[in-house]
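Open the model in your viewer and keep the selection tool at hand. Each stop below says what to pick and what is there.

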Amino acid sequence: METAEDKNKRLYKLIYDAFNNEIAIQRHLMEKYLKVQGFVPFKILQFSSLFLKPSFFYSLFLRIFCGCCFLLHLFLGVLLFILYPLRLIEVGKRTKNLIITSNPYKVIVREAITQLKLQPTDFIDASISNLLFLVRKTHLINFLFFFFGFTKYLIRNAKNPFLFLLQYTDLLRLYLVSAYIIDNPNIAVITEDHYQRFPFIVSNLRCSNFIIVQHGYIDDSIHFPSKFGRIDNLFIRDIQFLECFDNYYDVISYKILVRNMTSFFSKMDYKDSCFLASSSPHIDSEIKFVEYLKK
């Protein structure tokens, strides 16, 4: 029988591999678009050209940010350890399915749920506040031990632990999502992420129905060090993208996402419009373009 320590070790590796893949995405973008020597691959900093040139202040900012992420999660671990017996409230009596997405994509995620003829009320946002009440209380006290164990595992295995420590922004949420799915393999999980940390982890865990909804173009030229798992239901915008997903995942079933855009285009006259499909490495250039166009 698998012990709690064995389960933690499996989770260490799973989250470590997710972080490693995330760093691979950033390196890919750096090599494809930025080509700056000494640039630290960190997703948040791609949104401004201010951070494209390494400097003393750039390096100092990263290290302060890294330390804050580490200390924040250490504090959260201690807090959960102390307060976990007081947590008495549960979110409903039934097990909930999870939605892992951000606000701009909730509409298309809900449309996919409806298209699958699932009950929207059976799904709940996988926010930290919701997950804290969904998972078993023992997981809250275990997070402190998991935090130290994972940090030790990371330092032993990573060539550059600093890059992995920068990814700690999502560590608690990743832990809670993973623990909840492991305890409830019968749930469905839906996300609009394509190949970031959350879909990697969910695709490699056992849940009854893992659903991905395409929200943009797919770059299928990224080399990931760790293999993705399976997608039970994939919603794509066009059949041309199926091959892109097949390069990364084991796709069990796919559908074309049906959307009603009538209401969007009927609100006002879009005859003279320019639509931009934004990508983070180019946002500064896109802003300049829009400013020029408006003149």
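Is Phe200 buried or exposed? Select Phe200 and look around the ring. At 2% relative accessibility, Phe200 counts as buried, because the cut-off for that class is under 20%. Bear in mind throughout that this is a predicted model.

**Stop 1: the whole chain**

Zoom out before going further. The protein chain has 295 residues, and 44% of them count as buried. Colour by secondary structure: there are 11 helices and eight strands. Now switch on the surface. About 16800 Å² is exposed, and carbon and sulfur atoms supply 59% of that area. Among contacts in the chain with a separation of 6 or more, 64% are between residues 24 or more positions apart.

**Stop 2: two aromatic pairs**

Show the rings of Phe, Tyr and Trp. The count comes to 26 aromatic pairs. Go back to Phe200 and add Phe228: the two rings form an edge-to-face pair, 5.3 Å centre to centre, with 85 degrees between the planes. Phe200 lies in helix H8 (residues 197–203), while Phe228 is in the loop between strand E4 (209–213) and strand E5 (230–231). The pair therefore ties together parts that are 28 residues apart in sequence. Phe228 is buried too, with a relative accessible area of 4%.

Next, select Tyr217 and Phe241. Their ring centres are 5.2 Å apart and their planes stand at 80 degrees, so this pair is edge-to-face. Tyr217 sits in the loop between E4 and E5, and Phe241 in the loop between strand E6 (233–236) and helix H9 (242–246). The pair links distant parts of the chain, 24 residues apart. Which of the two is exposed, and which is buried? Tyr217 counts as exposed, at 67% relative accessibility. Phe241 is buried, with a relative accessible area of 6%.

**Stop 3: a charge over a ring**

Select Arg63 and Phe162. The charged end of Arg63 sits over the ring of Phe162, 4.6 Å from the ring centre.

**Stop 4: salt bridges**

Side chains of opposite charge can pair when their charged atoms come close. How many salt bridges does a search of the whole structure find? The search finds six.

Start in helix H1 (residues 4–34) with Asp17 and Lys13. They form a salt bridge, with the closest N and O atoms 2.7 Å apart. Asp17 and Lys13 are four residues apart in H1, so about one helical turn separates them. Check their accessibility. Asp17 is buried, with a relative accessible area of 11%, whereas Lys13 counts as partly exposed at 44%.

Stay in H1 and select Glu22, then add Arg197 in helix H8. Their side chains meet in a salt bridge, 3.5 Å from N to O. This pair ties together parts that are 175 residues apart in sequence, because one partner is in H1 and the other in H8. Both Glu22 and Arg197 are buried. Now add Asp170: Glu22, Asp170 and Arg197 are linked in a network of salt bridges.

Move on to Arg230 and Asp232. Here the side chains meet in a salt bridge of 2.5 Å, N to O. Arg230 counts as partly exposed, at 40% relative accessibility. Asp232 is buried, with a relative accessible area of 10%.

**Stop 5: strand E6 and its partners**

In a regular strand the side chains alternate between the two faces of the sheet. Select E6 and turn it to see each face. Asn233 and Phe235 are on one side, Leu234 and Ile236 on the other, and all of them are buried. Both faces of E6 are thus covered.

Which strands does E6 join? Three bridges join E4 to E6, and these two run parallel. Find Ile211: it stands opposite Asn233 in E6. Three bridges also join E6 to strand E8 (residues 254–256), again parallel. Find Leu234 here, which stands opposite Tyr254 in E8.

**Stop 6: Phe145**

End in helix H5 (residues 137–157), where Phe145 is found. What does Phe145 touch, leaving aside neighbours within four places in sequence? Phe145 is in contact with Tyr12 and Phe81. Draw the distance from Phe145 to Phe81: C-alpha to C-alpha, they are 9.4 Å apart in space, and 64 residues apart in sequence.

Methods: Residues are numbered from 1 along each chain as its sequence is written. This is a predicted model: local features need pLDDT of at least 70, side-chain atom pairs count only at pLDDT 80 or more; totals for chains, interfaces and linings use all residues. Side-chain values use heavy atoms; hydrogens and water are left out. Rings of Phe, Tyr and Trp (its six-membered ring) pair if their centres lie within 6.5 Å; planes under 30 degrees apart count as stacked, over 60 as edge-to-face and the rest as tilted. Buried means under 20% relative accessible area, exposed over 50%, partly exposed in between (1.4 Å probe, protein chains only). A charge sits over a ring if NZ of Lys or CZ of Arg is within 6 Å of the ring centre and within 35 degrees of the ring normal. Contact means heavy atoms within 4.5 Å. Accessible areas come from the Shrake-Rupley method with a 1.4 Å probe; for residues, only the protein chains shown count as cover. A salt bridge is a side-chain nitrogen of Lys or Arg within 4 Å of a carboxyl oxygen of Asp or Glu. Two strands pair if DSSP finds at least two bridges between them.
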